[in-house]
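Trainee: I am new to this structure and would like a close look at a single part of it. Could you take me through one helix and what surrounds it, with each term explained as you go?

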Amino acid sequence: MGKNSTCNVLCTREIDAKANEEAGWFVEQDYLIEWIVDKLPAATVYRRLQDTQNPVSYEPGFRIGDFDAAAKRAFLNNHVSLHILYERHREGRRIVGVEAYPRSIENSSGECPDLSDASQDKLVVGQKQPRKVTFSYSVHWIEDPSVRWTHRWDRYIRTSSQVHWYAIFNSAVIILLLSGVVAVILMRMLNRDVSHSSREIEEFRDEIEETSGWKLLHGDVFRTPQWKGILAPVLGTTVQVMYTAISTVALGTLGVLSPSYRGGLLTTGIVMFMLMGAAAGYYSGHLYRTWGGRNWLQNSLTTALAVPMLLFGIEMLLNMFLWYRSSSAAMPLSTILLLFVLWAAIELPLTVLGGWIGFRRKPYSEPMRTNAIPRPIPPLPRYLKLPLSILLAGALPLSVIFIEMFFVLKSIWQDAFYYEYGFMVIIGVLLAITVCETTIIMVWLLLNSGHHRWWWRSFAYGASSSIYFFIYSLVFYFTRLRAGMPDHG
């Protein structure tokens with residue numbers, strides 16, 4: 001600790017022809033190596049001479065090698081010089097940065113190379129023949145008083161805010177347009193109060209029957225939805241996911257989630273999801289009773305099992321592929337058992353408790369009486385038919401969040417940190433407003449066309465943006481990433 005080392009031999013490896021060829025493929029695909037020192041990743045340094053305020057920025061990790069596209073040759077980095085930046089604190093030192101400077105040097109002697117000779121041949125890989133490679137490293141401790149220990153992550157997560165503000169401006173314009181449409185609907189179309197009592201409804205029945213559109217559905221609009229035993233748990237889980245996102249992002253905004261806590265965001269999200277099971281059970285139970293449900297325990301168990309078990313099944317399917325590839329990213333069996341125990345000991349009891357409390361509450365009161373005989377549903381316009389109406393409803397929310405989604409996906413798949421929780425809060429609020437206003441417009445168009453079965457439609461309209469988010473993620477994966485394994489065929 002704190003001692004400079006000019007050169008140390010790490011090891012000398014004999015690699016066979018297959019490993020040699022794979023190394024060349026990894027170099028060509030720009031694979032990275034990540035070393036961790038005091039919870040900081042060793043980073044590639046970029047110096048921007050024109051930026052006087054932030055002249056240095058870090059890219060986590062360093063390249064496994066360099067690829068000469070013209071000569072079709074791959075050079076493996078087998079020597080790394082680590083520059084460990086520190087600040088003095090009392091009688092010790094605190095690490096504030098780790099910089100990696102890799103080099104490719106032809107060396108198989110088992111000894112340190114001559115680092116002062118810049119004209120040495122590079123180590124070529126990618127050939128179908130065995131060879132010997134010596135790996136070495138150097139360590140240099142450098143005092144850097146310009147960086148404080150409390151701000152040592154700034155160089156890793158520093159990004160330009162201009163793009164984020166552009167995304168917010170773009171979202172605000174869309175919301176203004178949607179708000180104008182909703183205002184027109186509320187002021188010019190819904191000027192009659194629909195919350196009259198049953199007596200007042202009878203008094204105005206003759207007048208309403210002469211009208212058309214949504215006013216004809218006063219006796220059917222609050223009819224119990226089909227498959228209420230499924231819709232109530234789904235809506236309860238939706239509230240659970242919403243509260244989980246709000247609480248997790250709030251902790252990140254307050255600075256509780258530090259980038260040094262690796263996996264902290266995922267762990268916090270899982271814990272919050274389990275704790276919010278109480279909210280899922282409460283809302284699900286309350287809606288279930290409002291719709292005339294009787295078996296509150298069955299509804300609570302469905303809420304606790306349906307979506308979590310679906311997510312668990314998807315995770316297990318993906319994990320099987322990682323196990324097959326012997327990937328270090330595969331979730332071990334002990335972690336899977338731990339998650340199951342946490343679900344059974346925390347989320348399941350909280351969901352049942354919340355469902356019992358919600359079911360005991362007084363049901364939502366309906367402002368008007370429901371007719372005994374459902375009104376026939378007329379043919380819908382083409383733009384309100386499934387699945388076109390769902391696709392139309394999800395297009396606008398995507399335009400609000402697609403710029404911010406790029407940074408989130410980049411932090412997941414590529415060498416980048418995402419710590420812009422402030423921008424995420426703003427974009428999240430704008431996204432929620434856009435989804436709500438889009439759903440209001442689509443449901444009003446649906447009711448105005450004489451379709452009174454709007455419960456499932458309203459949920460589908462609000463969730464339709466997820467289809468576009470999934471498609472955008474696939475496009476990002478296949479256009480921005482080059483994932484895979486070398487082909488030996």
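Mentor: What follows is a walk along helix H14, then a residue in helix H11, and last a few aromatic rings.

This is a predicted model, in which local features need pLDDT of at least 70 and side-chain atom pairs count only at pLDDT 80 or more, while totals for chains, interfaces and linings use all residues. Residues are numbered from 1 along each chain as its sequence is written, and side-chain values use heavy atoms, with hydrogens and water left out.

Helices here are DSSP runs of H or I with at least four residues, numbered from the N terminus. Helix H14 covers residues 465-480, and its 16 residues should span 22 Å at 1.5 Å a residue, which agrees with the 22 Å between its end C-alpha atoms; the expected span is 1.5 Å times one less than the number of residues. Within H14, Ser465, Phe469 and Phe476 are buried, where buried means under 20% relative accessible area, exposed over 50% and partly exposed in between, with a 1.4 Å probe and protein chains only. Looking down the axis of H14, the buried residues fall within an arc of 45°, so they line one face of the helix; that arc is taken from the directions from the helix axis to the C-beta atoms. On the face of H14 turned away from the buried side are the exposed residues Phe470 and Phe478.

The cover over the buried residues of H14 includes H11, helix H12 (421-448) and helix H13 (455-463). Serine 389 belongs to helix H11 (residues 388-413), and this serine is buried, with a relative accessible area of 0%. Leaving aside neighbours within four places in sequence, serine 389 is in contact (heavy atoms within 4.5 Å) with Tyr383, Leu384, Met442, Arg457 and Tyr461. The side chain of serine 389 also reaches the backbone oxygen of leucine 384 at 3.5 Å.

Turning to the aromatic rings, the structure holds 13 aromatic pairs, which are rings of Phe, Tyr and Trp (its six-membered ring) with centres within 6.5 Å, called stacked when the planes are under 30 degrees apart, edge-to-face when over 60 and tilted for the rest. Among them, tryptophan 35 and phenylalanine 62 form an edge-to-face pair, 5.3 Å centre to centre with 85° between the planes. Tryptophan 454 and tryptophan 455, by contrast, form a stacked pair, 4.2 Å centre to centre with 20° between the planes. Tryptophan 454 is buried at a relative accessible area of 17%, and tryptophan 455 is buried at 18%.

Note on methods. Helix = DSSP H or I, 4+ residues; strand = E, 2+ residues; numbered from the N terminus. Polar contact = N/O pair within 3.5 Å; in protein donor to acceptor, adjacent residues only side chain to side chain.
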